[in-house]
Amino acid sequence: GHLETLYLKAKMIELIGLQLAQAKQQKTVGLKSAEVEKMIEVKELITNNLNESYSLSYLARVAGTNEQYLKKHFKLLYGNTVFGYITMCKMQKAKELLLTGKYQITEIAEMVGYRHATHFTSAFKKFFGFVPKMVKTKFLFGSYLSFNFELLELFIAI
């Protein structure tokens, strides 16, 4: 009885794993492995160099293809346009940097490839729905409050 239940659970987990693997393969239907590798190369180039501004023609040349092919297959594979992916990566990195509290907004703008902090602020607001200063203020305000609570607990303990 107990071993049979354990066996059935193991088989269910195996089936779920096979379904997930199949779903992942279906995502790349219509793309050959060489084509997928080209899209992965473009994605890694973008992810590793967020401070750079790439044109579609440059990324297509890097991948050894044309712009239309790149746009179509990148979206098919990753579910986002090339520029949509670039923006998403830049904004996520900017948010991470803001949450550290170590950098000014102008520094973060440069780190993620914006020449002007105002352009960065506009893009950030469009992406997240609030300005970067709100993230920075929440971080500092949250730290200030936790610091005061620690002091209060210290006074109560004395």
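Me: What follows H3, and what is the sign of its phi?
Reply: Gly 64 comes right after H3, and its phi is positive, near 75°. Bear in mind that this is a predicted model, where local features need pLDDT of at least 70, side-chain atom pairs count only at pLDDT 80 or more, and totals for chains, interfaces and linings use all residues. Residues are numbered from 1 along each chain as its sequence is written, and side-chain values use heavy atoms, leaving out hydrogens and water. Helices are DSSP runs (H or I, at least four residues), numbered from the N terminus.

Me: Which residues of H3 are buried?
Reply: Buried means under 20% relative accessible area, with a 1.4 Å probe and protein chains only. In H3 (residues 56–63), that fits Leu 56, Leu 59, Ala 60 and Ala 63. They sit on the same side of H3, because their arc around the axis is only 100° (taken from the directions from the helix axis to the C-beta atoms).

Me: What covers the buried residues of H3?
Reply: Contact means heavy atoms within 4.5 Å. The cover includes H2, H4 (67–78) and H5 (82–100).

Me: Is Glu 35 buried or exposed?
Reply: Glu 35, in H2 (residues 33–48), is buried, at a relative accessible area of 17%.

Me: How do H5 and H7 pack?
Reply: Axes are lines fitted to C-alpha atoms, for helices over the stretch in contact, and angles run from 0 to 180 degrees between N-to-C directions. H5 and H7 (residues 117–128) pack at about 100°, with axes 10 Å apart.

Terms used. Helix = DSSP H or I, 4+ residues; strand = E, 2+ residues; numbered from the N terminus. Buried < 20%, exposed > 50% of the residue type's maximum accessible area, 1.4 Å probe, protein only.
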